[in-house]
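Here's a quick tour of a few spots in this model that caught the eye. Have the chain open as you read.

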Amino acid sequence: MRKIILSVILITILVLTFLSNFILTDNPIPVETVKFDTGDTAWMIVATAFVLLMTPGLGFFYGGMVGKKNVISTMLQSFMAMVIVTILWVIVAFGLAFGPTIGGIIGDPTSNLFFQGVGTSTAWSLAPTIPFMLFALFQAKFAIITPALITGAFAERVRFWAYLLFMVLFIIFIYSPLAHMTWHPDGVFFKMGVLDFAGGTVVHMSAGWAALAGAIFLGKRKLQKVNPARITYVLLGTGLLWFGWFGFNAGSALGANGLAVQALGTTTVAAAAAAMAWVFLDKILGHKLSALGACIGAVVGLVAITPAAGFVSISHAIFIGAFSAIVSNLVVSKFPKGKIDDALDVFACHGVGGMVGMLLTGVFASKAINPAVGDNQGLIFGTPTLFINQLTALVIVSIFAFVGSYILFFVVNKITPLRVTEEKEELGLDISQHGEFL
């Protein structure tokens, strides 16, 4: 049955892509044809490549943390996100995220089918100096890494085909609406004045809450305490993530300008401050200064600064990085691992880190850094409106992402079992799911 379904999907994609230029018509162009800025275009091509590099970086980061019998499967989950989400984004998801609004919640799914109307001679309204297709491809990389982030929560026990199905449904029903509400000019969060520079809400909070839902739904691993397979993989993955994150945050300025430099600076210092705070706190709590701790701390800092990167000062970025690392470290240590098996602490690091970053954006955002902040600056400047908006969005997104993802896990499990059998879990997913071993 599975072979029949996969054959139908593959044939349908081939037929539709072959006929797309004949059966689909171009949609209205977002803005008039413009002369693009070559510097902005060059930087955004580089930034797009940077962000894509984050996903294999995440594969190394997660792959080094799991047991030796599950390294290939864990890394392949990230790699396949690049494969599946890219095609899904081109076919329908970009239109859902950035097409003409339907109630400020979701885009028109027919607006950009197979990238119709997404050309190289037109521009998106909020990125007028670069080609529309470049903006769309840049956004695709954000969509790619989000479901890959979730995989750390249910590592070592998920069936690969079930994960692929969940990934498709997550992008359509969770990620795309959040991207539309937050980043589309007609989205409900955008109109509220919610600030999310590069994805604290859309990427990290959604992934964190989905990860928690997945960990609860799939239940505990048979063997929860395993030695990390390769700490060197974790170090390599952290380096790739940190490097790629410059495209993630500085690229979200959508141009080669001072705002991109500001985001580059805040990203750099937040990650460093978080890594320092994490290992210092570990030492204070009586633990050794570990490579694993330094890497996790740096990533938490990168997560937390993401929503604030283009809105806060360098000094405030240091505070955001250090504070988020302390909070996430304490959540990791207090998380009820005996009851909920979030294998790689995705919720504590990405979910909590994203929420801390969202709230601190509401505290520190300054119009002196970014005029787009307007008069509703951060709480320390005496204006509470932004903080209230950030808190409101945090609550709504948390409920939507957790409940929606849990429902998707339930649906997927009805279609095909999500969890491998105990025998296959004991054997390891590398062999049982892929017939390969490290």
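Helices here are DSSP runs of H or I with at least four residues, strands are runs of E with at least two, and both are numbered from the N terminus. On that basis, Leu 254 sits in the loop between α8 (231-250) and α9 (258-284). Keep in mind that this is a predicted model.

**The overall frame**

UniProt has an unreviewed entry that lists residues 42-437 as "domain: Ammonium transporter AmtB-like". Over residues 42-437, the chain comes out at 66% helix and 1% strand. The end C-alpha atoms of that stretch are 40 Å apart.

**Two loop residues with positive phi**

Most residues other than glycine have a negative phi. Against that background, Leu 254 has a positive phi of about 60 degrees, and it is not a glycine. Phe 114 is another case: not a glycine either, with a positive phi of about 55 degrees. Where does Phe 114 sit? It is in the loop between β2 (106-107) and α4 (132-150).

Are these loop residues buried or exposed? Phe 114 counts as buried because its relative accessible area is 15%, under the 20% cut-off. Leu 254 is buried too, with a relative accessible area of 16%.

**Two helix residues**

Now for the helices on either side of the Leu 254 loop, α8 and α9. Thr 238 is in helix α8, and Val 279 is in helix α9. Thr 238 is buried, at a relative accessible area of 5%, and Val 279 is buried as well, at 6%.

Here are the four residues side by side:

| Residue | Relative accessible area |
|---|---|
| Phe 114 | 15% |
| Leu 254 | 16% |
| Thr 238 | 5% |
| Val 279 | 6% |

What does Thr 238 touch, leaving out residues up to four places away in sequence? Its contacts are Phe 61, Cys 295, Ala 298 and Val 299. Back along the chain, a polar atom of the Thr 238 side chain lies 2.8 Å from the backbone oxygen of Val 234.

Val 279 has its own set of neighbours. With residues up to four places away in sequence set aside, Val 279 touches Leu 289, Ser 290, Gly 293 and Ala 294. For Ala 294 there is also a backbone distance: its C-alpha atom and that of Val 279 are separated by 5.8 Å, while the two residues are 15 apart along the chain.

Methods
Residues are numbered from 1 along each chain as its sequence is written. This is a predicted model: local features need pLDDT of at least 70, side-chain atom pairs count only at pLDDT 80 or more; totals for chains, interfaces and linings use all residues. Side-chain values use heavy atoms; hydrogens and water are left out. Buried means under 20% relative accessible area, exposed over 50%, partly exposed in between (1.4 Å probe, protein chains only). Contact means heavy atoms within 4.5 Å. A polar contact is a pair of N or O atoms within 3.5 Å; within protein, one must be able to donate a hydrogen and the other to accept it, and residues adjacent in sequence count only if both atoms are side-chain atoms. UniProt positions are given in the numbering used here, feature names are shortened, and annotations may be inferred rather than shown by experiment.
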